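Colleague: I'd like to walk through this model with you. Can we take it question by question?

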Amino acid sequence: MGLLKFMPRRGPPLKCYSVTLEAAVRDRLDMTGLLRRLLAAKELPIHTFGTDGQWGEIDNPEDVALYQQMVREGELLLDDSL
């Protein structure tokens with residue numbers, strides 16, 4: 001399952017955009033930050049779709065630990081089919 005789908009014709013503009021960023025910004029950029037910047041720049045079309053149910057984003061080991069703690073404490077219930 002993927003969060004993002006890039007169409008082949010969209011690859012080069014995205015790469016061109018990323019090289020315009022300062023190295024320090026680019027090195028720390030996550031997908032949410034990239035999408036936020038792309039939306040603000042209005043240079044590439046971005047389409048979305050809705051989803052029902054739980055959803056979470058994991059960007060680093062601390063996020064994994066947080067979700068594991070939430071499962072242990074009953075705050076987050078995982079579907080057995082996962």
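Colleague: Which residue caps the N-terminal end of H4?

Modeller: This is a predicted model, in which local features need pLDDT of at least 70, side-chain atom pairs count only at pLDDT 80 or more, and totals for chains, interfaces and linings use all residues. Residues are numbered from 1 along each chain as its sequence is written, and side-chain values use heavy atoms, with hydrogens and water left out. Look for a side-chain oxygen lying 3.0 Å from the backbone nitrogen of glutamate 62. That oxygen belongs to asparagine 60.

Colleague: How far does H4 reach from its first C-alpha to its last?

Modeller: H4 covers residues 61–72, so 12 residues, and helices here are DSSP runs of H or I with at least four residues, numbered from the N terminus. The expected span is 1.5 Å times one less than the number of residues, which for H4 comes to 16 Å. Just after H4, glycine 74 takes a positive phi of about 75°. The helix itself comes close to expectation, at 17 Å.

Colleague: Where is confidence lowest?

Modeller: pLDDT is the predictor's confidence in each residue, from 0 to 100. The protein's mean is 79, and 84% of its residues reach 70 or more. H4 has the highest confidence, at 93, while the lowest, a mean of 71, falls in helix H1 (residues 11–19).

Colleague: Which residues make up the largest nonpolar core?

Modeller: A nonpolar core is a set of buried Ala, Val, Leu, Ile, Met, Phe, Trp, Tyr and Cys residues joined through side-chain atoms within 4.5 Å. Of the protein's 82 residues, 11% count as buried (under 20% relative accessible area, 1.4 Å probe, protein chains only). The largest core holds six residues: Leu14, Tyr17, Leu21, Leu34, Leu38 and Leu44. H1 and helix H3 (31–41) each supply at least two residues of this core.

Colleague: Is leucine 29 buried or partly exposed?

Modeller: Leucine 29 sits in the loop between helix H2 (23–28) and H3. Leaving aside neighbours within four places in sequence, leucine 29 is in contact (heavy atoms within 4.5 Å) with Leu21, Leu34 and Arg37. Partly exposed lies between buried and exposed, the latter being over 50%. Because its relative accessibility is 27%, leucine 29 counts as partly exposed.

Note on methods
Polar contact = N/O pair within 3.5 Å; in protein donor to acceptor, adjacent residues only side chain to side chain.
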